Amino acid sequence: MEILNYISSCAIPVTILVILIFGLYEKKNVFDSFLEGAKEGISIVVKIFPTLIGLFVAIGCLRTSGILDAIISFCSPVINLLKLPSEIMPLAFLRPISGSGSMAIATEIMSKYGVDSQIGLIASTIMGATETTIYTIAIYTSAVGIKKTRFVLFASLIGDVVRNFSCNTYLAKFVVRFFLTKYNI
Amino acid sequence: MLNVLWPVFIIVSCIYAIFTGKVEQINTSIFSSLESVVQLSITLLGTICLWNGIMNIAINTSLIEKLVFFFKPLLKYLFPEIYQDEKIRKEISMNMVANMLGLGNAATPLGLKAMKSMQEKNKKTDTLSNAMLMFIVINTASIQMIPTTVIAIRSSLGSQNPTATIVPIWISSACSIIVVILITKFLIKVGK
């Protein structure tokens, strides 16, 4: 587990290092490129801000009104069969549909149950490992005017299920055990 | 999609809250949601600007083209029908590399270009070809080396180790991408 965590911590510095060395090796103006990209970053965040406001409020309402918990407990017999913690289910359902919606619900889940708790870590993993499947399929097929998509949705959603499943089971347990021993939470 | 979901979420929860007497909580939750968006956006602003800057350096070098080289054998397995076509091959692998590096903004236009080139080779223009099918499925299951959004969320909520889930995310998306590729391969074969 030490190694796993060490690699995780290395990921960002190593990526930056490789890119910088590569840039210098090809004699590019590294800092100018950086500034240009960082400036673009501002507009990305500004662009998603209104979406986030709308969706965070909606998800917050769902959570505090108690209706989300009601739906979860209603569905829990089925969810228990899949051995998934039911707190995660709203995220698992929303993730393929909406990117900012799932950001809202992941944040909600993590702040309610704790970022470094088991559920928080599982939510982080699901959030990072999955894509907005349905959106991706929609833009790629509609861009070229495809109507018959065959089994693309089926295959992609199987992938989502596998991901949610693998996030929830062994992996999550490993990470959690490591966290508990390291930080004595 | 959200034009339907969003109002439904709010209307349903407001009605439910009124009937269960939780109107007070709804009020507090609206304002605390706004607060957490602002907090998250500040962290996101930092993370995304830094990452976009770093990745812009990568785009300006030939790094992506160099990485594309490693994808060659993989593409031969994944896209046997269009493997011969150098242009499509390049577009597909550029899209994959951009996805892996988390360059969402660069990946989608590259992917659309690849889709258009594949459509030109497609015999039935209203149906997905095998290659397009595989391409979309891989895009929905893309592995991201640095999941910046998750890191931003985690650090905005005060995690002790925001990057802790990077390796689990890799493993989990690797599992699913393998399963998805095998399933797609199998279904393509059966479909014939």
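**View 1. The surface and helices of chain A.** Chain A exposes about 8,800 Å², an accessible area found by the Shrake-Rupley method with a 1.4 Å probe, where for residues only the protein chains shown count as cover. Carbon and sulfur atoms supply 70% of the exposed area of chain A. This is a predicted model, in which local features need pLDDT of at least 70 and side-chain atom pairs count only at pLDDT 80 or more, while totals for chains, interfaces and linings use all residues. Residues are numbered from 1 along each chain as its sequence is written, chains are lettered from A and ligands numbered from 1 in the order in which they are written, and side-chain values use heavy atoms, leaving out hydrogens and water.

Follow chain A from its N terminus and you will meet the elements α-α-α-α-α-α-α-α. That makes eight helices and zero strands; both are DSSP runs numbered from the N terminus, helices being H or I with at least four residues and strands E with at least two. Of the 185 residues of chain A, 51% count as buried. Here buried means under 20% relative accessible area, exposed means over 50%, and partly exposed lies in between (1.4 Å probe, protein chains only).

**View 2. A salt bridge between Arg154(B) and Asp116(A).** Side chains of opposite charge can pair when their charged atoms come close. A salt bridge is counted when a side-chain nitrogen of Lys or Arg is within 4 Å of a carboxyl oxygen of Asp or Glu, and there are five over all chains. In the one shown here, the closest N and O atoms of Arg154(B) and Asp116(A) are 2.9 Å apart. Arg154(B) lies in helix 7 (residues 148-156) of chain B and Asp116(A) in the loop between helix 5 (99-113) and helix 6 (118-129) of chain A, so the pair joins two chains. Are these two residues, Arg154(B) and Asp116(A), buried or exposed? Both are buried.

**View 3. Thr165(B) and its neighbours.** Look for Thr165(B) in the loop between helix 7 and helix 8 (166-191) of chain B. Thr165(B) has a relative accessible area of 2%, so it counts as buried. Leaving aside residues up to four places away in sequence, Thr165(B) touches Leu121(A), Ser124(A), Thr125(A), Val150(B) and Arg154(B), a contact being heavy atoms within 4.5 Å.

**View 4. A salt bridge between Lys148(A) and Asp126(B).** The closest N and O atoms of this pair are 3.3 Å apart. The pair crosses between chains, with Lys148(A) in the loop between helix 7 (133-143) and helix 8 (152-183) of chain A and Asp126(B) in the loop between helix 5 (104-121) and helix 6 (130-140) of chain B. Lys148(A) is partly exposed because its relative accessibility is 48%, and Asp126(B) is partly exposed at 29%.

**View 5. A nonpolar patch with residues from chains A and B.** Ile42(A), Val46(A) and Leu45(B) make a nonpolar surface patch of about 240 Å². Patches are made of residues with over 30% relative accessible area and no salt bridge; like charges are joined within 9 Å, and nonpolar side chains (Val, Leu, Ile, Met, Phe, Trp, Tyr) within 5 Å. Val46(A) sits in helix 2 (residues 30-64) of chain A. Its relative accessibility is 55%, so Val46(A) counts as exposed.
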